[in-house]
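Colleague: I have just opened this entry and would like a close look at one part of it. Please start there, then walk me outward through the rest.

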Amino acid sequence: MISAIPPPLIPIALFYFLCAIVSLIGNMIMIICFFRERKFNSPCHYMITLACAADMLHLCGHFVFNFQLFYDGPGSQELCFWLLLPSCIGLAISGPLLLSMGIDRFLACQCPMVYRQLCSRPAMYLLLQLFFPIIHTVYLNVSSFVQRDPKTMVICQVPLAMSGDSFEKFNQGGLIINIGVVIVYFVTFLKLRRLAGSATHLKVVFRSILYTVIFVILGWSTVTMMNIASIHLVEDIDTVHILMIYAGIGLNMACASNIFVFYAINSEYRAAIRKLFGKSVPIKIHPSTSMFASTARGNTVTKF
């Protein structure tokens, strides 16, 4: 069976399998921390947790990919759609969730009083923030469902699970979403830079925004641009499929790294993770990267 596998697929399949394991463990830890910690009750914490769940679902599709590649062999595209429907849902909702979190950060920084009022009705605010991610996800998956193909045989992988032109729609829409994410986070960064001056407690905020934009550029933007280019510039369909699979390297690394990034830059999650594993938590807690409005010395200060 292995002798029949295209050689370029073997290393990337094993790499994605490792990413899926790391993502499953790491994002599950993030989700468990959310349910264990009572202070993780803001809309931002909900969106972070949903993003972790989406990344986990997305990468779990690599278990199916490796199973079919090394053992079971190709199956119909329609079967692939059903097997990877949870992964396609995670893939479709992740980008819009990142944009929603960027808007949340922007509101907390630019309009702290309005943000505080919105957070006073967290359920309504969260539903408003999730409206676009849900609509975007439903649209792409319904489009894929309508165009599923029971005759075409494929090795099941996320790009191939999205039928017809739904994957191209995902890439074109994703490119616009990624541009929006970069703009929103960059404007927020500039605003915080003017507010903070040399304040040490907001350096964590700058670092959080910087990491987010880097992951967007190296992850989502790279995969969408490379997918669009391969679809329109490469004629051989097998080569297109291999290029689309390799295009996800940066994105998969980003999806698997949530726990490491939040542990490094977010004191709340770092403390929660240490408590989960029975480790001591330092008494001195540095500013976190989660968002809430607070008032200090008569001035409104937004903390992330």
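Just after α13, which residue takes a positive phi, and of about how many degrees?

Modeller: Happy to take you through this. Please keep in mind throughout that this is a predicted model. The residue you are after is Gly278, which has a positive phi of about 75° just after α13.

Let us stay with that helix for a moment. Helix α13 covers residues 267-276. At its N-terminal end sits a cap: Asn266 places a side-chain oxygen 2.9 Å from the backbone nitrogen of Glu268. Glu268 is itself among the buried residues of α13, together with Ser267, Tyr269, Ala271, Ala272 and Ile273. If you follow the helix on your screen, you can go from the capping Asn266, through those buried positions, to Gly278 just after α13.

Now for the setting. The protein chain has 13 helices and 4 strands. Of its 304 residues, 49% are buried. Among contacts between residues at least 6 apart in sequence, 78% join residues at least 24 apart. A few other spots show such pairings one at a time.

Take Ser100, in helix α4 (residues 85-110). Its relative accessible area is 4%, so Ser100 counts as buried. Leaving aside residues up to four places away in sequence, Ser100 touches Met47, Gln129 and Pro133. With Gln129 there is a polar detail to look at: the side chain of Ser100 reaches the backbone oxygen of Gln129 at 2.8 Å. Phe132 is 32 residues from Ser100 along the chain, and the two C-alpha atoms are separated by 8.5 Å.

The cysteines make a good next stop. The structure holds 1 disulfide, and it joins Cys80 to Cys156, with the sulfurs 2.3 Å apart. The link of Cys80 and Cys156 is right-handed, with 95° about the S-S bond. Cys80 belongs to helix α3 (residues 77-83), while Cys156 is in the loop between β2 (153-154) and α7, so the bond ties together parts that lie 76 residues apart in sequence. Both ends are out of the way of solvent in the accessibility figures: Cys80 is buried at 2% relative accessibility, and Cys156 is buried at 0%.

Cys111, in contrast, is in no disulfide; the nearest cysteine sulfur, that of Cys109, is 8.9 Å away. At 29% relative accessibility, Cys111 is partly exposed. For Cys255, the closest cysteine sulfur belongs to Cys19, and it is too far for a bond because the distance is 9.0 Å. Cys255 is buried, with a relative accessible area of 2%.

From the disulfide you can step across to Leu160, since Cys80 is one of the residues that Leu160 touches. Leu160 is in helix α7 and is buried, with a relative accessible area of 14%. Beyond four places in sequence, its other contacts are Gln77, Val154, Ile155, His241 and Met244. The contact with His241 spans 81 residues along the chain, and the C-alpha atoms of Leu160 and His241 are separated by 7.8 Å.

Met244, which Leu160 touches, leads us to a cavity. There are 3 cavities of 30 Å³ or more in the structure, and the second largest contains about 130 Å³ of space. Its lining has 16 residues, and those nearest its centre are His58, Pro159, Val223, Met244 and Gly248. The elements giving two or more residues to that lining are α2 (43-72), α7 (158-161), α8 (166-196), α9 (203-233), α10 (237-247) and α11 (249-256). By class, 10 of the lining residues are nonpolar and 6 are polar, with no charged residues.

Val223, another residue nearest the cavity's centre, brings us to Asn171, which touches it. Asn171 lies in helix α8 and is buried, with a relative accessible area of 0%. Besides Val223, Asn171 touches Thr224, Asn227, Ile228 and Ile231, again not counting residues up to four places away in sequence.

To come back to where you began: α13 has its cap from Asn266 at the N-terminal end, and Gly278, with its positive phi, follows just after the helix.

Technical notes. Residues are numbered from 1 along each chain as its sequence is written. This is a predicted model: local features need pLDDT of at least 70, side-chain atom pairs count only at pLDDT 80 or more; totals for chains, interfaces and linings use all residues. Side-chain values use heavy atoms; hydrogens and water are left out. Buried means under 20% relative accessible area, exposed over 50%, partly exposed in between (1.4 Å probe, protein chains only). Contact means heavy atoms within 4.5 Å. A polar contact is a pair of N or O atoms within 3.5 Å; within protein, one must be able to donate a hydrogen and the other to accept it, and residues adjacent in sequence count only if both atoms are side-chain atoms. On a 1 Å grid over the protein atoms alone, a cavity is a set of points where a 1.4 Å probe fits but cannot get out, and a pocket is an open set with protein on both sides within 12 Å along at least five of seven lines; lining residues have an atom within 4 Å of a point. Grid points are joined across faces, edges and corners, and a volume is the space filled by probe spheres set on the points. Ala, Val, Leu, Ile, Met, Phe, Trp, Tyr, Cys and Pro count as nonpolar, Asp, Glu, Lys and Arg as charged, and the others, Gly among them, as polar. A disulfide is a pair of cysteine sulfur atoms within 2.5 Å.
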